[in-house]
Amino acid sequence: MLDFYEELSKVISNEEIVTFIDNNKTVLSEAGLSKSLLTTTSSLLKNFDANTVIDVVKSDLNLEEAIKNSKEDASADSILKLAIKNTSTPDKIRIMLKLLFSNGYIRLLTSFAIVISIYSIFITSYIFKKADKSPYGTLIPIYRDIIHLKMCNFSPWFLILIFIPLIGWLALTSIYIVGKFELSRNFGHGFLFGLGLLFLPPVFRTYLAFSDDKFTKRRIDFKSIM
């Protein structure tokens, strides 16, 4: 059946195959295919490209071994379940990742996240430079957080809060929010600019990075953000 699908996928799209399965579930069930298998197949074909599905089923799940270990009258459903059962947890994770990244939307979102992360590192290096900090510090995660806390008038020791579940995380979130307004003040801006840093960081951080604003560290003033 897999060989049939492989040949069929060269002629028609997955969407057309899914439509056929959905319109003929009763006939296919009578032919020995369970409804759960048909539903799973429809979901796979609907969300992932044909080549990845074929590669996973033929190579990663080792169906041939499952067929050998199954009874002669075993259904396609039971053979697939056996193949999945005999697949190790690391291989299952690898299969899931392979399927996920074969999805066009996931690839697009991942690419977008990578671009945003690289751009964020780039503009942060300029902001650090304005504060007389090493621009390369943005490449070192913990050191980057320490510099950021200092620029926002907080002690770097607040990072310890990350090891305290819930309460520590809530405290860090509050520090993160207040820090946006403190960073705004240190660059000579006010409350509205702080809101911009909080809700539109790429835009307002870009402005900080390339504007003529000077960094001047001020004492923390909670009244200014109330």
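**Exercise 1.** What does the accessible surface of the protein chain come to, and what percentage of it belongs to carbon and sulfur atoms?

*Solution.* The model is predicted, with local features needing pLDDT of at least 70 and side-chain atom pairs counting only at pLDDT 80 or more, while totals for chains, interfaces and linings use all residues. Residues are numbered from 1 along each chain as its sequence is written, and side-chain values use heavy atoms, with hydrogens and water left out. By the Shrake-Rupley method with a 1.4 Å probe, the accessible surface of the protein chain comes to about 14,900 Å², and 66% of this belongs to carbon and sulfur atoms.

**Exercise 2.** Describe the secondary structure and the burial of the protein chain.

*Solution.* Taking helices (H or I, at least four residues) and strands (E, at least two) as DSSP runs numbered from the N terminus, the protein chain has 13 helices and zero strands. Of its 226 residues, 32% are buried, where buried means under 20% relative accessible area, exposed over 50%, and partly exposed in between (1.4 Å probe, protein chains only).

**Exercise 3.** Characterise the lining of the second largest pocket.

*Solution.* A pocket is here an open set of points on a 1 Å grid over the protein atoms alone, where a 1.4 Å probe fits, with protein on both sides within 12 Å along at least five of seven lines; lining residues have an atom within 4 Å of a point. The second largest pocket is lined by 26 residues, and Arg-144, Asp-145, His-148, Tyr-176 and Lys-180 lie nearest its centre. Helix 9 (104-130), helix 10 (141-151), helix 11 (167-186) and helix 13 (201-210) each supply at least two lining residues, with the largest share, seven residues, coming from helix 9.

**Exercise 4.** Which of the two residues Asn-153 and Leu-166 is buried, and which is exposed?

*Solution.* Begin with location: Asn-153 is found in the loop between helix 10 and helix 11, and Leu-166 is found in the loop between helix 10 and helix 11 as well. Turning to accessibility, Asn-153 counts as buried because its relative accessibility is 16%, whereas Leu-166, at 60% relative accessibility, counts as exposed. As for the backbone, Asn-153 has a positive phi of about 70° although it is not a glycine, and Leu-166, also not a glycine, has a positive phi of about 60°. Most residues other than glycine have a negative phi.

**Exercise 5.** Locate Ile-177 and state its exposure.

*Solution.* Ile-177 belongs to helix 11 and is partly exposed, with a relative accessible area of 35%. Its C-alpha atom is separated by 9.3 Å from that of Leu-197, 20 residues apart along the chain.
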